[in-house]
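User: Please take a close look at one strand and its pairing, then go on to the helices.

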Amino acid sequence: MCIAILTCNTPLNQIKSRINPLIPPSILSEVSIYTFDTTKQSTSDSIRLRFKVFTETQQVNYVLVSDAKVFKALTGKSKATAYYSVLVPYPSKETVLIVYVPAASQIYYNPAGTIEIITRAFENVANHYLGLATETYAPITQIYATTENSVKDCLQELLDKNCELTCDIEAFSLNHYN
């Protein structure tokens, strides 16, 4: 098993000094850090091609990516930050799981939050590797309720599932004036 950290446009020694203290000891020996430089001209196709070659030459099972453009190109997801610390299957090779993490340089700007996300990502990888995690990512459940009672019923159903809950209330048609 190998856990690869793809650093994008960041010197390798900076990444090692910031990330190594956050890696759980149970998987430290399995972690390798690779540079995966991208430019503004890099297209999704060129990123996928380079990654395909990378996965054919390196025996990797988990890949932590800190560049949103690379994460989106590899996973086909439209937003990266929604998948912080989440194990997402690589569509071209289901045995490879991709995890989006903030860039290590973000530790300077938001130390506590960034360290928490990176640590959670490594914990998720370690738990999955050790067989302690069964789900790579939770599917999104969309519920459209139109009446007060249906909203209550839907919320109660979600609360009964004991899952994390995020709510996006569409209020475009509500009148906020007299």
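Analyst: Leu64 of strand S3 has Val99 in S5 as its bridge partner. This is a predicted model, in which local features need pLDDT of at least 70, side-chain atom pairs count only at pLDDT 80 or more, and totals for chains, interfaces and linings use all residues. Residues are numbered from 1 along each chain as its sequence is written, and side-chain values use heavy atoms, with hydrogens and water left out.

S3 (residues 62-65) and S5 (residues 93-100) pair in the parallel sense over four bridges; strands pair if DSSP finds at least two bridges between them. Strands (E, at least two residues) and helices (H or I, at least four) are DSSP runs, numbered from the N terminus. In S3, Tyr62 and Leu64 point one way, Val63 and Val65 the other way, and all are buried, meaning under 20% relative accessible area with a 1.4 Å probe, protein chains only. In a regular strand the side chains alternate between the two faces of the sheet.

Now the helices. The axes of H2 (residues 44-57) and H3 (residues 68-75) come within 9 Å and cross at roughly 75 degrees. Axes are lines fitted to C-alpha atoms, for helices over the stretch in contact, and angles run from 0 to 180 degrees between N-to-C directions. H2 and H3 are therefore roughly perpendicular to each other, a label for 65 to 115 degrees. Ser44, Ile47, Arg48 and Phe51 in H2 meet Lys69, Val70, Ala73 and Leu74 in H3, where contact means heavy atoms within 4.5 Å.

Notes. Buried < 20%, exposed > 50% of the residue type's maximum accessible area, 1.4 Å probe, protein only. Parallel < 35°, antiparallel > 145°, perpendicular 65-115°, else oblique.
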